[in-house]
Amino acid sequence: MLSGWREAKARRPWRMSAKLLIITSVVTVIGFSAICVNVLFDMRRGEEALARQTLENLATSIDADISRNIDIYDLSLKAVVNNMLLPEIATVSRPIRQLILFDHATTARHFGAIQVFDAEGRLTIDASTLDPEPQNRADEEYFRVHRDNPNVGLFISHPMLFRGAFSIVLSRRISDTDGGFMGVVAGSIRYTYFHELFERLILDPDDTITVLKRDRTIMMRRPFDLDIIGKNLGTQQDWKPDNLRAGGSYAGKGPVDVTPRLYVRSSGSGPLFVVAGKPLKAVFSLWQREALRIGAVVLMLSLFVLGSAVVLAREIGRRADAESKLEEMATTDALTGLRNRRKFDQVIDMEWRRAMRQKTQVALLMIDADHFKAYNDTFGHQAGDQVLVGIAICISDSVRRAGDCAARYGGEEFAVLLPNTSATDAFRIAETIRAKVLGWSDGSAGTTVSCGVASLAPIAGMDWTVLVAAADKALYAAKAGGRNQSVVASLPALSLVA
């Protein structure tokens, strides 16, 4: 029906506004949330970069301290190796020999005394005494390595007990002028050095410092654990060297325990390297607190925006419904439910212009209740109102197209606008309405209607009042012809045909 289509069209701007408001609010919330997420991830990357830089500085400083002490101690070993080749070393007294060999030897409480072993592994010279006790180190790894390979240079042993203390042994080969094996000079760095070095650092309980050989043997680790010291990471199938290259970092589960950490490896080129680790939970703890706080604020703002949008959309809908009802009240006849004269004039003007543009026909039915005044005077106004309602129902039941418009034109007169309808089709509809009214009414007090039909294709300069006048004349002709009939107006001469 035309009325329903008009109502939907009238409400559509408000409905679109409500939908647009909700869509805009959702897009705004999504965009704002995306910005916040991006900011949070930038903050997370910043926290990780700061932690990585801190661990890198820590690993580098420890690596530098260890490398410096190893280099200093190695200089003492080299001096002993060079002095052992002096011709006069075998002829001088023991005190003089000690002075020659160990005059430049480094002495510190964490450094063990340097010892010299001959080609058979027997202890011959000890920096700590002129009369060393008999010892044989031919079975020790450091001795066998130097004996079998003349090009090893400085060799650092696995962690071991050396002279009653847990230490790492540093050793060098003594070769004669022809490269022949003459023995080994060895010294040690006690683990008290590492303990004291790590105790000077301000670390969290779960932070780790690991000192490794180039073959990935763990030489020292904080927190200290004898079960881990000496373990070679080369045996770990799930841990590859590429996971942590020199000067690089790695985040995740490490090779020793299951705690996810951020690991940073020192970039030094010495015989040992350092890996500093910090739990990822500690790295991102501050960020997580900030993320939760910002996330809670964003969530509350998002809920507020969306809630406000829903409330406003609901109010817009209510306003649209209220305006629709006002529109309906202003354009609908209160008694019959059909469109009133005002609305009919608006619709016929609009359809007349459309038909003029599209060069199509417009038909109009003018319908009047026969003998209505006499019926009203006889049976009363309430009975008369019931007759008008019945006629309106018959009209509405016969006019079903969405573009058609049925209206109460005034008093007992009705009008039906039929766009794009020929005179023949309009006459058929008029007869249908007339027959339904006749069938609806009862016996002696039966109600009938007369119908005037007109249809034409408007041209430029023609007003729709021409169509109304034609249909009205046809209605008068139907009444003059005896009522209860439909008459079609003949246009443009407006001659009447029954």
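**Exercise 1.** Describe the lining of the largest pocket in this predicted model by residue class, position and source.

*Solution.*
Step 1. Sort the lining residues by class: eleven are nonpolar, two polar and three charged.
Step 2. Take the total and the centre. The lining has 16 residues, and L233, W239, L244, P255 and V275 lie nearest the centre of the pocket.
Step 3. Assign the lining to strands. At least two residues each come from strand 7 (208–213), strand 8 (218–222), strand 10 (260–265) and strand 11 (272–279). Strand 7 gives the largest share, three residues.
Step 4. Add the volume: the pocket holds about 240 Å³ of space.

**Exercise 2.** Find which residues touch the most other members of the largest nonpolar core, and follow I168.

*Solution.*
Step 1. The core has 55 residues; those touching the most other members are I62, I66, I168, L170, V185, I209 and V211.
Step 2. Helix 1 (residues 2–84) contributes the largest share of this core, 13 residues.
Step 3. A separate core of 26 residues lies apart from it and includes A369, Y375, L388 and I391.
Step 4. For I168, set aside neighbours within four places in sequence. The contacts left are I156, S157, P159, G187, S188, I189, Y191, F194 and M219.

**Exercise 3.** Compare the radius of gyration of the chain with that of a compact globule.

*Solution.*
Step 1. For 498 residues, a compact globule would have a radius near 23 Å.
Step 2. The chain has 54 Å.
Step 3. Set this beside the box filled by the C-alpha atoms, roughly 160 × 45 × 35 Å along the principal axes.
Step 4. Add burial: 42% of the 498 residues count as buried.

Definitions and conventions: Residues numbered from 1 in each chain as written. Predicted model: local features only at pLDDT ≥ 70, side-chain atom pairs only at ≥ 80, totals over all residues. Heavy atoms only, no water. 1 Å grid on protein atoms, 1.4 Å probe; cavity = no way out; pocket = protein on both sides within 12 Å on 5 of 7 lines; lining within 4 Å. Points joined across faces, edges and corners; volume = space filled by probe spheres on them. Helix = DSSP H or I, 4+ residues; strand = E, 2+ residues; numbered from the N terminus. Nonpolar A, V, L, I, M, F, W, Y, C, P; charged D, E, K, R; others polar. Core = buried A, V, L, I, M, F, W, Y, C linked by side-chain atoms within 4.5 Å. Buried < 20%, exposed > 50% of the residue type's maximum accessible area, 1.4 Å probe, protein only. Contact = heavy atoms within 4.5 Å. Rg over C-alpha atoms; globule rule 2.2 N^0.38 Å.
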